[in-house]
Structures are given as C-alpha cells and as structure tokens.
Amino acid sequence: YSADIDSATQDTSVSGIVIASPAEQHFRHAMAALSANKHVYVEKPIATSLDEANEMARFAHDRRLILMVGHLMHYHPVFNELVGLVRANRMGTVKHVVSQRLNLGVLRSEENVMWSFAPHDISMVLGLLNELPTRVAAIGNDFLQPGIIDVSTIHLEFEGGKTAEISSRWLNPEKVQKLVVIGDSAMAIFDDRQSWDQKLHWSEYSVDWKESRPFASLKCSKYLPVEQDEPLKAEMQHFLDCVASGSIPRTDSKEAIRVLTVLQAAQSSIDQKGNWVNVQR
C-alpha cells in the first residue's frame with residue numbers, strides 16, 4: 001500500500017519499503033526504513049553522494065537487511081539477452097557503447113537531467129563491460145533553468161581502449177531510448193521504443209584491408225527473438241523474492257555505488273567545464 005515514511009516504518013506488518021521520493025530525500029527515507037528494520041528498495045540514484053550511499057550500505061549490511069536499488073534495465077529481457085551475447089563473446093571484443101535517453105519530458109527542478117536519466121545508462125554500460133571506467137568527461141547545458149542541466153553528454157574511457165558515450169536530454173522532439181554496442185565482429189542495437197519483435201537488432205560484419213584502406217562489409221542483419229516480460233514487474237518480484245529468501249539483489253548497494261561513483265565523476269567534470277576526471281577505485 002502507499003503511505004508516508006513515518007506510517008510505513010511504524011507498521012509492524014510491513015517488512016519491506018519502496019522509496020520513490022525525490023533523489024535528495026532517498027538517504028533520509030531509506031535510513032529511516034532501515035532503522036526500523038525494514039528491507040528497502042530505493043529508486044535510482046541510491047543517494048546524492050557516495051558518503052550517503054556507503055553509510056546506507058554499511059547500515060543495511062550490519063543489520064542483515066536487503067538494500068536494493070531501482071536500476072530497472074537489469075530486469076529487461078532484451079538487455080539481459082544482450083549481456084549474454086557479450087559474455088559469450090558473440091560480438092568479439094566490445095569496443096564502443098552508445099546510450100541515448102532523450103525526451104521532451106518532465107522538467108525537474110530538484111535534480112538535473114543527467115542525475116535523472118543517466119543512472120539507467122551508466123548501469124547498462126557498466127553491466128556490459130563488467131568494469132569501472134578509468135576516467136570520465138562530461139558537458140551539460142542549462143537552457144531552461146539556471147543551474148539545472150537539461151542536456152548532457154558523458155564520455156567514458158575504460159582499460160584497453162574501450163569507450164562509451166551517454167546522452168541525456170529533456171529537450172528533444174521525440175522520445176529515444178536506444179543502446180548501441182559495437183564489437184569487433186558484430187554490432188547490436190537495443191531500441192526500447194520499437195515493438196517487442198524489433199527491440200534487438202543484430203549485425204555481423206567484417207573489415208578487410210585493401211591497399212592500406214579498410215573496407216567494411218555486412219555479413220548478416222536480423223532481429224533477435226527475446227521472450228517478452230514486463231521489466232518493472234520482474235524487478236518488484238525480485239525484491240519480494242530477496243526479502244523472502246534473504247538473497248542478495250541483482251542490483252544491490254555495490255551496483256548502486258558503482259553507478260553513483262561514475263555519476264559523481266561526471267558531475268565533477270561538468271563543474272570543471274568538461275575536464276577529464278579520474279574515477280575512484
């Protein structure tokens with residue numbers, strides 16, 4: 001049921017609480033729930049600072065409570081299929097990832113578009129490459145509200161020359177939710193705006209050198225079938241299952257802190273007018 005935080009924490013029949021308040025209230029609300037011995041699902045980002053996130057994680061761990069973060073795309077069948085293809089080396093070595101989350105959407109004043117949209121995309125990039133970037137550079141513009149960025153781009157560099165780019169915009173003529181993964185033998189597009197049978201497009205290619213020039217040729221191009229499911233329903237069921245069994249959530253506090261680490265580095269880069277910022281390890 002829906003309730004204010006005080007009522008929910010005092011209700012002895014409640015064992016788990018979902019925190020879906022504005023980001024700056026996540027720490028206070030989650031700590032109130034954990035202090036009342038309630039398991040917690042908190043929407044992204046887990047908190048607005050790493051100090052807050054680490055304190056929440058330690059507190060939940062010490063009390064043996066579930067602390068799960070709402071990185072919804074980890075419960076999307078198409079993204080999970082794509083992760084499986086990468087893990088099975090079906091694409092060769094992943095070289096570059098591009099993620100776009102654009103819309104003429106709800107304009108917030110309590111957080112900027114990067115903090116509102118990019119956690120999903122950062123989480124997907126980290127999930128695909130299975131590592132933190134070495135450094136991050138980001139730029140942003142505040143066209144509508146001074147100090148509230150409504151257009152942002154994050155560049156990420158990883159070990160071995162891998163790169164990624166994440167674009168977030170509240171000012172866009174159409175809604176775009178697209179992830180492009182480029183390997184050295186195949187490429188994939190996860191377009192969540194398409195019908196279910198066309199959400200995952202797969203291309204295999206080769207590059208041949210002739211007279212010191214590269215020539216790319218397409219070997220196959222097709223849509224991959226993925227069993228349909230509702231990501232939000234799967235995510236909520238996962239939280240209930242973890243509460244019941246005591247299992248560690250797929251998107252636990254460690255996952256949340258990794259994403260927040262990159263997000264905070266990106267914000268630091270924006271504050272420094274786009275300078276590269278090393279990512280804390």
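Me: Helices (H or I, at least four residues) and strands (E, at least two) are DSSP runs, numbered from the N terminus. Which element gives the largest share of the lining of the largest pocket?
Reply: Helix α3, with four residues. A pocket is an open set of points on a 1 Å grid where a 1.4 Å probe fits, with protein on both sides within 12 Å along at least five of seven lines; lining means an atom within 4 Å of a point.

Me: Is this predicted or not, and what's the numbering?
Reply: The model is predicted, with local features needing pLDDT of at least 70 and side-chain atom pairs 80 or more, while totals for chains, interfaces and linings use all residues. Numbering runs from 1 along each chain, and side-chain values use heavy atoms, without hydrogens or water.

Me: New topic. How many aromatic pairs are there?
Reply: Two in the whole structure (ring centres within 6.5 Å). Phe117 and Trp170 form one that is edge-to-face (planes over 60 degrees apart), at 6.3 Å centre to centre and 80° between the planes.

Me: Where do those two sit?
Reply: Phe117 is in helix α5 and Trp170 in the loop between β7 (163–169) and β8 (176–183), so the pair ties together parts 53 residues apart in sequence.

Me: Buried or exposed, Trp170?
Reply: Buried (under 20% relative accessible area), at 1%. Phe117 also counts as buried, at 16%.

Me: What does Leu128 touch, sequence neighbours aside?
Reply: Leaving out neighbours within four places, Leu128 is in contact (heavy atoms within 4.5 Å) with Phe79, Leu82, Val83, Val86, Arg87, Val97, Leu179 and Val181.

How values were computed: Phe/Tyr/Trp six-rings, centres within 6.5 Å; stacked < 30°, edge-to-face > 60°. Buried < 20%, exposed > 50% of the residue type's maximum accessible area, 1.4 Å probe, protein only.
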